[in-house]
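I opened my notebook for a look around this one, and I am jotting things down as I go. Pull up a stool and follow along.

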Amino acid sequence: MDYEAFFAGHLRRLHDEGRYRVFAELERIAGAFPRARLHRDGQAPRDVTVWCSNDYLAMGQHPAVIEAMQAAIGAQGSGAGGTRNISGTNTLHAALERELAQLHEKDAALVFTSGYVANETTLQTLGALLPGCELYSDAFNHASMIAGIRHSGAVRKIFRHNDVGHLEELLAAADPKTPKIVAFESVYSMDGDISPIGALCDVAHRYGALTYLDEVHAVGMYGARGAGVAERDGVLAEVDIVQGTLAKAFGVVGGYIAASAATVDFVRSCGSGFIFTTSLPPAIAAAALASVRHVSAHPELRVRHQERAATLKRRLAAAGLPVMPSTTHIVPVSVDDAALCKQASDLLLDRHSIYVQPINYPTVPRGTERLRLTPTPLHSDEDMTRLVAALQDVWQVLGLGRRAAAE
């Protein structure tokens, strides 16, 4: 086989479809968020405004987080020294896990190197080792959940997105004695909608299933202490296993689960994605611990964040831009064409120094391409004014308004 020709041909098709992904080389500037410095070959660096970061609360540049990381590096050095089983378990890992368990009102927590690894490892381990397990997955679940479910080898069944009735139909048809897990998210990050957590948990438990909730895009941003939508909705106790990230609202990196002591110990003892992975550096754990504590203690961050998202949605709609319905902090603007979505992103950067990555297939279905905006507490009214004007200019240049009217 001509491997190089195969690779080149596939990449050429991505280019032709407008789906080839180009990474912008950005230099974050501590204390200047949402500004960053764009680097391009042959050009002088220039400042841009970032509108698509998952550092939702700008905690990645918060002084408390930076100071905690610097102090841990000074005291303990850079790496963890190995996997958690060999020489990589640190006092800071243990403290972070206690903090996360407390946040979600669970017995225990377990930290992974990423949210992806947390999802894949936990679902794969439970699905593979619970005898005859069946996994019930929301149709819109993240790729990491899908990967874990597939790799488990367990029977998997897909219920329609946020459809409690369809889930009940599937569960009612199953053997009552069969172990079952119902896996879903709280905030779906591309559409910005929220699942009916309480209703899904009620149905799952009625049929003897465990509930597995991905709160990656909600931890830090919802609930009185930032434990997520389950806390906001008063159903923390109904969720058997919650999975979260340290890389979005908490602004660092890493993922985790929180659950009963036995559940967490089972995954710790049997999950290959945990056992055979070098643990997070102590400085990362220290920074994450400082961030979780700060975010939990400052609900005004969440109030400001929600206000910024609501204001941006209102201003986009008033300007006649096709902002998609969203009940969360995710603000998607519809383009519905891969090539045009990439062109819109390029024009925003080149003409207006605004950085928004295009969201194309396979992240979203073909024909639903969009620009995904994520306002933070540090985006000002002036930033919004510039963004709205820039989008209007780009829409005019690309004829997107005329195209939408013709359809």
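**Entry 1: the cores**

I started with the largest nonpolar core, which holds 60 residues; V182, F184, I197 and L246 touch the most other members. I then asked which element gives this core its largest share. Helix 11 does, with 9 residues. A reminder to myself that I am reading a predicted model here.

I picked V182 and listed what it touches, leaving out residues up to four places away in sequence. The list runs Y136, F159, L167, L171, A204, A209, L210, T211 and Y212. There is also another core, lying apart from the largest one, with 32 residues. Among them I noted L321, V335, L349 and I354. As background, nonpolar side chains tend to be buried together in soluble globular proteins.

**Entry 2: helix 2**

Next I looked at helix 2, residues 63–76. Its 14 residues reach 20 Å from the first C-alpha to the last, close to the 20 Å expected at 1.5 Å a residue. Which of its residues are buried? I found V65, A68 and A72. They sit on the same side of helix 2, because they cover an arc of only 65° around the axis. That fits the textbook picture: an α-helix has 3.6 residues a turn, so residues three or four places apart point the same way.

On the face turned away from the buried side I found the exposed residues E67, Q70 and G74. What covers the buried residues includes helix 3 (91–103) and helix 11 (282–297). After helix 2 comes G77, with a positive phi near 90°.

**Entry 3: helix 12**

Helix 12 covers residues 299–318. I checked its span too: its 20 residues should span 28 Å at 1.5 Å a residue, and the end C-alpha atoms are 29 Å apart, which agrees. Its buried residues are L301, R302, H305, R308, A309, T311, L312, K313 and L316. I was happy to stop and read that list twice, since R302, R308 and K313 are on it.

What do the buried residues of helix 12 pack against? My answer is helix 11, strand 13 (331–334), strand 16 (370–373) and helix 14 (381–398). Helix 12 is followed by G320, whose phi is positive, near 80°.

**Entry 4: R19 and its surroundings**

R19 caught my eye in the loop between helix 1 (3–16) and strand 1 (25–28). Is R19 buried or exposed? With a relative accessible area of 14%, R19 counts as buried, because the cut-off is under 20%. Setting aside neighbours within four places in sequence, R19 is in contact with L14, A338, N360, Y361, P362 and R366.

I followed up on some of those contacts. The charged end of R366 sits over the ring of Y361, 4.1 Å from its centre. Y361 is also joined to P362 by a cis peptide bond, with omega about 10°. P362 itself is in the loop between strand 15 (358–359) and strand 16.

**Entry 5: another cis bond and two positive phi values**

I noted a cis peptide bond between F33 and P34 as well, with omega about 10°. P34 is in the loop between strand 1 and strand 2 (35–39). For context, most peptide bonds are trans, and most residues other than glycine have a negative phi.

On phi, E105 has a positive value near 55° and lies in the loop between helix 3 and strand 4. E105 counts as exposed, at 55% relative accessibility. N162 has a positive phi near 60° and lies in the loop between strand 6 (155–159) and helix 6 (164–172). N162 is buried, with a relative accessible area of 18%.

**Entry 6: aromatic pairs**

How many aromatic pairs does the structure hold? I noted 2. F6 and F7 form an edge-to-face pair, 5.9 Å centre to centre with 70° between the planes. F6 is partly exposed at 44% relative accessible area, and F7 is partly exposed at 45%.

In the pair of F112 and F274, the ring centres are 5.7 Å apart and the planes are at 75°, so this pair is edge-to-face. The pair links distant parts of the chain, with F112 in strand 4 (residues 108–112) and F274 in helix 10 (residues 272–275), 162 residues apart. Both F112 and F274 are buried.

Conventions:
Residues numbered from 1 in each chain as written. Heavy atoms only, no water. Helix = DSSP H or I, 4+ residues; strand = E, 2+ residues; numbered from the N terminus. Expected span 1.5 Å × (residues − 1). Buried < 20%, exposed > 50% of the residue type's maximum accessible area, 1.4 Å probe, protein only. Arc of directions from axis to C-beta. Contact = heavy atoms within 4.5 Å. Phe/Tyr/Trp six-rings, centres within 6.5 Å; stacked < 30°, edge-to-face > 60°. Lys NZ or Arg CZ within 6 Å of the ring centre and 35° of its normal. Core = buried A, V, L, I, M, F, W, Y, C linked by side-chain atoms within 4.5 Å.
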